[in-house]
Protein chains: 2
Amino acid sequence: MKLVEAGEPAAGEYRLDDQIGFILRRAHQRHVALFAAHIADLTPPQFAALAKLRDIGETSQNQLGQLVAMDAATIKGVIDRLKARGMVELGRNDGDKRLIMVRLTDAGRRAVEELVPLAEKITAETLSPLTSREVDTLVRLLAKIA
Amino acid sequence: MKLVEAGEPAAGEYRLDDQIGFILRRAHQRHVALFAAHIADLTPPQFAALAKLRDIGETSQNQLGQLVAMDAATIKGVIDRLKARGMVELGRNDGDKRLIMVRLTDAGRRAVEELVPLAEKITAETLSPLTSREVDTLVRLLAKIA
DNA sequence: CGAAATTCATTCGTATGCAAATGATATCAG
DNA sequence: CTGATATCATTTGCATACGAATGAATTTCG
């Protein structure tokens, strides 16, 4: 008498490898590794900040952080490192003196433009185990839980 | 004349928010936040190590790291903190003197047993925006790219 | 108007996560 | 058997990531 089908956990059993959190973490790890393999001198969060700045132009540090899903402490570190490398420059805001405005430098803009094709390749490679139908489905479902 | 449908990027356009890497990062962030909300005194990697140890029994530190997708440096830190809290204990291996064997303490085992129901709740809550069909699909596709 | 609440940026502490270098131990090849 | 290779654990350095506390500036509200 077979009590449990193959691959189906018994009631009450907890399989780490089947948990969404564990799988999410591994999928994210793989993506970061592929990113590093193609773009060695910039991290995904750094590139995200540059790409977002290119799209929206100058913004405050915190605002940028919200747009790229980083809290205040995290975006500060990212911006500090991008600034040290001459990719962004900072300035005060006339209206609201609390704000630190961030904008791309010419070098930063050139870097984004150069890297976007590589970033597209990274996205494609990350998704390469899937059919294009599956890609659409995955992105849609993932966005739902993000 | 409409050149681009709403939601469809023009050729060559790169939308950060649609990239799998960015969405993966946000989904992972949300899961970690939900985890912390339910299990305040343990991180997901720490719980993963405990859960895996419960399933497979004593192993070497590196072996455990491979099973929970952490490199040697990372698993060491996780084990150090679990050891400091009395959840695991370490020992030398008779056959191979390089190995550090790791096993659950009684307290560690009790902790896992107590936390598994909460972990199941976290998994369910992370996936709550999806139907059960969508859950199966997401897990399957995510596992493919992980 | 002016006190209270909010927002922005910064700092500190803790915890992953990974690359690279190192020393100890095992294994393999000749 | 022994030198070359490989594995295990450790350490250092760097980069997210977030909670909590802080000070400055702004907004809200009574």
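Which helix gives the largest share of the surface near DNA strand C? Helix 4 of chain B does, with four residues; point 5 returns to that surface.

1. Basis. This is a predicted model, in which local features need pLDDT of at least 70 and side-chain atom pairs count only at pLDDT 80 or more, while totals for chains, interfaces and linings use all residues. Residues are numbered from 1 along each chain as its sequence is written, chains are lettered from A and ligands numbered from 1 in the order in which they are written, and side-chain values use heavy atoms, with hydrogens and water left out.

2. Symmetry. A turn of 180° with a shift of 0.0 Å along the axis lays chain A on chain B with an RMSD of 0.0 Å (least-squares superposition on the C-alpha atoms of residues with pLDDT of at least 70 in both copies). The two copies are therefore related as by a two-fold rotation axis. Leu138(A) is the residue of chain A that comes closest to this axis, its C-alpha lying at 3.1 Å. The copies meet through the same surface, because 100% of the interface residues of chain A are also interface residues in chain B.

3. Extent of the protein interface. Contact (heavy atoms within 4.5 Å) joins 47 residues of chain A to 47 residues of chain B. The two chains bury about 4,400 Å² between them, and carbon and sulfur atoms carry 69% of it. Buried area here is the accessible area, with a 1.4 Å probe, that two parts lose on being put together, summed over both. Tyr14(A), Ile20(A) and Ile145(A) supply 16% of the area that chain A buries against chain B, more than any other three residues.

4. Make-up of the protein interface. The rule finds six salt bridges between chain A and chain B (a side-chain nitrogen of Lys or Arg within 4 Å of a carboxyl oxygen of Asp or Glu). Lys52(B) and Asp17(A) meet in a salt bridge, at 2.7 Å from N to O. Across the interface there are also 14 residue pairs in polar contact, both residues at pLDDT 80 or more. A polar contact is a pair of N or O atoms within 3.5 Å; within protein, one must be able to donate a hydrogen and the other to accept it, and residues adjacent in sequence count only if both atoms are side-chain atoms. On the chain A side, helix 1 (20-38), helix 2 (44-56), helix 5 (106-126) and helix 6 (132-145) each supply at least two residues. Helix 1 of chain A gives the largest share of that side, 12 residues. Helices are DSSP runs of H or I, at least four residues long, numbered from the N terminus. By class, the side of chain A that touches chain B has 26 nonpolar, nine polar and 12 charged residues. Ala, Val, Leu, Ile, Met, Phe, Trp, Tyr, Cys and Pro count as nonpolar, Asp, Glu, Lys and Arg as charged, and the others, Gly among them, as polar.

5. DNA strand C. There are 23 residues around this strand, and Asn62(A), Ile100(A), Thr43(B), Arg81(B) and Lys97(B) come nearest; a residue is near a strand if one of its heavy atoms lies within 4 Å of it. Of the atoms of DNA strand C within 4 Å of the protein, 80% belong to sugar or phosphate and the rest to bases. A polar side-chain atom of Gln61(A) is 2.9 Å from a phosphate oxygen, and a polar backbone atom of Ile100(A) is 2.6 Å from a phosphate oxygen. Arg98(A) places a polar side-chain atom 2.7 Å from a base oxygen. The surface near DNA strand C has seven nonpolar, eight polar and eight charged residues.

6. DNA strand D. Here 23 residues surround the strand, the closest being Thr43(A), Arg81(A), Asn62(B), Arg98(B) and Ile100(B). Sugar and phosphate make up 79% of the atoms of DNA strand D that come within 4 Å of the protein. Phosphate oxygens lie 2.8 Å from a polar side-chain atom of Arg25(B) and 2.6 Å from a backbone N or O atom of Asn62(B). An N or O atom in the side chain of Arg98(B) is 2.7 Å from a base oxygen. Helix 4 of chain A gives the most to the surface near DNA strand D, with four residues.

7. Backbone. Ala69(A) has a positive phi of about 60° although it is not a glycine, and it lies in the loop between helix 3 and helix 4 of chain A. In chain B, phi of Ala69(B) is also positive, near 60°. Most residues other than glycine have a negative phi.
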